[in-house]
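Reader: I would like to understand how the words used for a structure follow from its values. Could we go through a few of them slowly?

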Amino acid sequence: MILRTPKRAGEWVDRNKKINFTFEGEAFPAYEGDTISSALWAAGQKVLGRSFKYHRPRGVLSLANHDVNVLVTDGIDTNIRADVVEVKDGMVLTAVNTSGGVKKDKNSYIDSISPLLPVGFYYKAFHTPRRFFPFWENVIRKAAGLGVVNFNYPRILKRKQHSHCDLLVVGAGPTGLTAAYVAAQAGLEVTIVDENSQAGGSLSYNRGGVHSNLTELNDLLSKVASQPNITMHTSTYAAGYYPDHLIPIVSASGITKVRAKTVIVASGAFEQPPVFRYNDLPGVMLGSAAQRLIYRYGVKPFNNGVVVTANDYGYRVAFDLLEAGTKVVALVDLRAGVNGGICAKDLMRRGVKIYAGHCVYEALASSDKSSVRGAVICAYDDKENVALTDNKLTLECDGIAMSAGWAPAGALLYQAGTGMQFDYEVQQFVPSRLPDGIFAAGKVNGIFELDQRIKDGTRAANEALRYLGLQAPQNNIEKHVGISPSHPYPMVPHDKGKNFVDFDEDIQIKDFVNAAKEGFDNIELMKRFTTVGMGPSQGKHSNMNAIRILAKIRELPVEKIGTTTSRPFFHPTPIGHLGGRGFHSHRLTSLHDWHQTNGAVFTDIGAWKRAAYYPATGQTKEEAIQAEAMVVRKSAGIIDGSSFGKIEIHGPDGAEFLERFFTGTYKTQKVGGCRYVMLLDESGVVVDDGIASRLADDLFYLSIGTSNAAAVYREMQRSQQMWQLNLGLVNVTGALGAINIAGPSAREILATLTDLDLSYESFPISSVRESQVAGVEVRLIRVAFVSDMGYELHAPMVQVPHIWNALMEAGQKHGLRPFGSDTQRLLRLEMGNHMPGVDTDGLTNPFEIGADWAIEMSKSYFIGQRSLTILAKRSLRKRLVPFVLAQNFKGEMPMDCNLVVDGRDILGRVTSISYSKFIDRCIGFAYVTPDKNEVGSEFQIRTDNGSLVTATVVKTPFLKNQKGA
Amino acid sequence: MQQFDIKKIAPISPIAHAQSNGTVKWDVVNGMKIAVEFASADIEQARKKVLGVTDVSCFERYGVKGPQASQYLADREIAIPANPNAWTLCDQKTLVLRLGSSEFLIEDQLGGLACKKLAGDTMRVAGVYKVPRADAAFILSGSEVLNLFSELCSLDLREKSLSAKDVIMTQVAGISATVLRQTIGGEQVYRVWCDGTYGPYMWDVLLEIAVELGGGAVGLARYQN
């Protein structure tokens with residue numbers, strides 16, 4: 001640990017707990033509390049990673065998760081952010097995105113050919129000649145990305161929870177801690193969240209060579225700890241803002257969705273790197289990174305350092321470096337005329353040479369490019385932003401600390417819809433109009449002096465209290481005066497480039513110039529063309545400089561350029577966190593166990609698990625379906641229809657409601673009768689269909705499809721809210737189950753369990769009766785969906801198994817057997833019944849499926865009527881027709897969704913197709929052009945393998961009606 | 001025609017499908033086959049204290065809605081809450097939940113008789129619509145119950161937000177559910193009702209989290225005494 005400093009108060013490492021780990025095959029010591037990067041840096045390891053594009057060596061830049069210079073893998077997890085992830089004993093780590101190791105990455109040659117690879121080159125290359133594209137695609141895919149996805153990654157549950165509080169404070173720096181304390185004292189329930197592993201923000205590292213900040217921090221933390229109504233979450237970041245103050249906070253263990261009554265954003269600011277040639281060398285780091293190394297981890301950033309600054313903060317950094325034992329070779333200040341300041345004089349007294357009005361023109365790399373060996377400095381024209389290279393000077397050093405300014409950590413504010421304006425006093429965007437219940441404080445609010453930040457925290461807390469209707473004093477905050485904490489343009493042009501703006505994507509100043517030349521001179525376009533801010537750092541260290549550069553190029557003020565808004569989650573979040581536990585809600589009928597016991601294969605239909613078919617041992621799906629269908633045609637089958645939507649409409653206005661809601665007429669429907677219902681949307685598209693059974697003058701019983709039941713009921717409720725008719729809607733889908741017994745023997749079987757007269761005369765098709773079946777009160781509906789001899793039995797869900805068992809027993813001698821929903825689809829096809837959602841899509845109107853008969857246009861109103869009036873005047877564009885393939889067809893079987901074609905023209909598509917063993921023919925439905933509508937018309941279906949199959953339009957049903965049905 | 005005595009055929013709890021793994025002691029309560037014991041009394045008592053999940057789908061229930069529903073219940077001496085989204089206890093043994101201005105769910109606790117009495121009245125009354133109930137119903141107990149809800153429900157169910165007589169209709173584990181807080185045997189518990197067809201799913205979810213948090217399944221027997 002060659003750069004480890006003596007122990008000092010407030011550090012985050014525990015020197016009593018030594019641990020060991022390996023990086024790139026080499027053993028390293030560390031202390032508990034070290035991050036991976038701090039431990040490596042303490043051991044003198046400078047090259048910690050390789051850049052994404054040019055594979056340039058990289059070291060510490062921010063040490064704060066504001067860059068991704070150092071991403072490592074432990075073989076299981078990838079892209080571990082080494083700057084902030086605590087190192088653990090026994091870790092075996094390697095850098096990502098290298099070939100042959102981080103020190104001797106074979107891909108580092110790309111850096112030498114970088115002039116050939118400017119931003120956007122891949123938009124212009126590789127696409128021609130086309131035959132080479134697969135090759136290039138393969139190359140690019142391999143080059144893209146950083147770590148390697150581990151497809152064997154263990155499934156580790158990350159809980160997604162909800163929590164509630166009066167006030168959420170984002171950021172546990174001095175501002176946030178103060179705000180939390182003030183609000184908690186007033187009785188609010190406060191949650192405070194901070195991405196760092198310990199609270200304190202800059203108070204924990206920005207000391208300027210003295211220790212008063214540490215005392216202040218400890219006092220503040222004690223106050224916060226004294227408030228039981230404050231909940232502190234560290235190592236947790238607020239990832240986004242959603243309406244009504246819903247903010248997901250992310251920690252290693254999962255996501256908590258915090259619903260707060262009010263929010264204070266005290267998220268601080270990201271330090272921005274000045275831009276000069278080779279500002280990315282290992283050893284060149286942000287001033288705040290150097291401070292973090294010193295005070296949090298007890299690590300000296302370098303031995304002989306240069307500080308380059310463009311604000312007063314750099315002077316504090318210089319004092320901290322001296323405190324750590326670093327020899328500060330020089331302080332280079334872009335601003336002219338600052339030698340007279342107190343800090344400058346103090347530094348000079350301690351032997352630090354000040355170069356005001358100078359810049360670092362370039363950092364000099366060691367022979368292996370793995371570290372800094374010096375800095376070339378020269379005079380800087382602060383007005384024109386050019387380096388005056390006539391009198392360059394080389395300073396020998398092994399590190400450079402940079403302090404040029406800040407960008408507000410304002411992602412949450414932007415997402416919440418905050419209006420931001422550029423404040424020239426602080427050279428920063430600050431909130432000008434905050435949404436209700438959201439407050440900003442501290443650096444993100446453009447307040448930089450510590451005492452003012454603390455006051456700003458109090459001010460924000462008081463505003464939050466008043467927002468919640470509590471009394472709180474008014475506070476005024478002094479606006480920043482004097483020299484801005486951020487330099488307006490800390491860029492040093494260099495003919496040879498490699499002056500990096502975005503370290504994630506290796507983007508240099510010239511890339512912006514080129515983008516602008518090509519016309520991408522709007523911030524949104526430039527972002528996408530250059531990819532600035534699109535790397536894992538999401539622009540934290542680069543967006544502000546990009547905006548300044550674009551403003552300079554376009555000769556516009558910064559505020560005219562605008563900013564981009566990071567969408568939530570603004571910080572990359574693992575998929576496992578987003579997935580959480582994974583809830584897959586599903587409904588089971590009361591017969592589910594029976595189906596399972598009897599070998600059913602289940603399918604998901606809507607929210608339901610339905611028995612699709614029951615294969616016998618060795619039977620294929622197709623064989624099982626044909627066998628089940630054959631039994632229904634020759635004897636009888638039984639299906640669990642409990643998943644059908646079932647809705648009761650009570651009240652005197654029930655018929656009126658149905659007439660408005662559906663296309664047909666119901667006022668004239670007799671008690672005991674059933675009628676078809678078809679639901680359209682307002683644009684005349686078919687949504688669903690079903691049967692309305694009239695059980696009493698003031699009671700209709702509606703049975704509809706499984707998939708749409710919930711949506712249809714919701715729409716019925718919505719309509720009733722508007723129409724306010726005298727009725728009540730009762731959704732009995734879950735309370736009542738249903739069984740359909742169908743086939744020529746159905747009547748005979750059912751007759752053994754009920755004393756209801758089942759004869760055709762007494763109980764014809766499309767009628768409903770209420771009676772007992774197997775001792776249970778049942779609604780019996782005579783339906784002809786899968787067979788012209790069929791009965792639906794609707795009964796309390798819990799009693800359905802009893803009825804089912806009774807039917808199975810009664811039907812034993814008839815060979816009664818169950819059939820599943822897949823078989824049902826074949827059976828209804830044989831009957832010539834189309835199904836909404838299968839034979840229709842989101843654009844199908846009733847004329848296209850030949851459902852004109854189900855529409856009563858003379859009614860004063862029904863949903864979709866107006867659209868149908870318009871559609872009726874237009875000629876049809878497609879028509880659903882029943883078809884058969886040739887007798888004994890032996891070619892490739894067409895499938896659902898295969899196209900109906902005429903040469904290269906698409907005429908339509910197949911919606912349902914199946915072989916029917918009973919009919920011994922391939923039958924189906926397809927959309928064709930209206931000229932192919934006539935019986936006997938032929939059309940061609942193109943199969944998956946490209947062959948054409950001729951189909952012939954026929955009439956439905958595909959089979960003959962049974963006698964006496 | 002074959003004859004059946006339907007009273008002798010006990011339907012099974014809608015949740016039973018999810019409970020059939022492991023050793024479960026079943027009994028018929030209120031005419032429904034229900035899990036009364038999953039483990040020894042000691043183990044179940046311990047679970048109850050941390051996070052117990054109990055199937056109480058067998059409690060008798062009666063649903064009614066319509067503009068005359070309030071009057072209908074009042075005429076039958078059922079105490080009803082004055083406001084929607086509230087509940088009250090009728091005769092100490094019947095929960096009366098007012099789900100909306102004109103919709104009610106009534107549930108007899110063990111020993112309650114109101115629902116049976118109401119169900120026996122089959123006369124149709126104008127403006128009163130009976131709502132058949134086939135709920136999966138749960139009691140959730142223990143110190144970790146709010147921790148469980150924090151993963152399943154976006155609403156704040158702590159005492160400061162969900163007052164003692166509040167009923168909320170919300171989403172629990174992604175499905176519609178009714179929730180309230182109740183005191184049973186001096187112990188504060190949460191009650192959850194959902195459509196019975198979602199019962200096995202809900203049980204699986206509740207139990208998975210309960211076990212993670214140190215609780216588990218608790219049989220109805222723990223509440224029968």
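Author: Let us begin with a cut-off: a residue is buried if 20 or more other C-beta atoms lie within 10 Å of its own. Please keep in mind that this is a predicted model.

Reader: What makes helix 22 of chain A largely enclosed by the rest of the structure?

Author: Of the 11 residues of this helix, residues 800–810, 8 meet that cut-off and are buried, so helix 22 of chain A is largely enclosed. Among them are A:His802, A:Trp804 and A:Leu807.

Reader: Why are strand 15 and strand 18 of chain A said to stand at the edges?

Author: The open sheet of chain A has 5 strands in the order 15-22-16-17-18, paired in parallel. Strand 15 (284–286) and strand 18 (353–356) each have a single partner strand, so one side of each is left without a neighbour in the sheet.

Reader: How do you know that strand 17 and strand 18 of chain A pair?

Author: Two strands pair if DSSP finds at least two bridges between them, and strand 17 (residues 327–333) and strand 18 of chain A are joined in the parallel sense over 4 bridges, so the condition for pairing is met. In strand 18 of chain A, the residue opposite A:Asp333 is A:Ala356.

Reader: What makes chain A and chain B count as touching?

Author: Residues are in contact if their C-beta atoms lie within 7 Å, and 31 residues of chain B are in contact with 38 residues of chain A. Helix 6 of chain B gives the most to its side, with 3 residues.

Key: Residues are numbered from 1 along each chain as its sequence is written. Chains are lettered from A and ligands numbered from 1 in the order in which they are written. This is a predicted model: local features need pLDDT of at least 70, side-chain atom pairs count only at pLDDT 80 or more; totals for chains, interfaces and linings use all residues. Two residues are in contact if their C-beta atoms, placed from the backbone, lie within 7 Å. Helices (H or I, at least four residues) and strands (E, at least two) are DSSP runs, numbered from the N terminus. A residue is buried if 20 or more other C-beta atoms lie within 10 Å of its own, exposed if 12 or fewer, and partly exposed in between; C-beta atoms are placed from the backbone.
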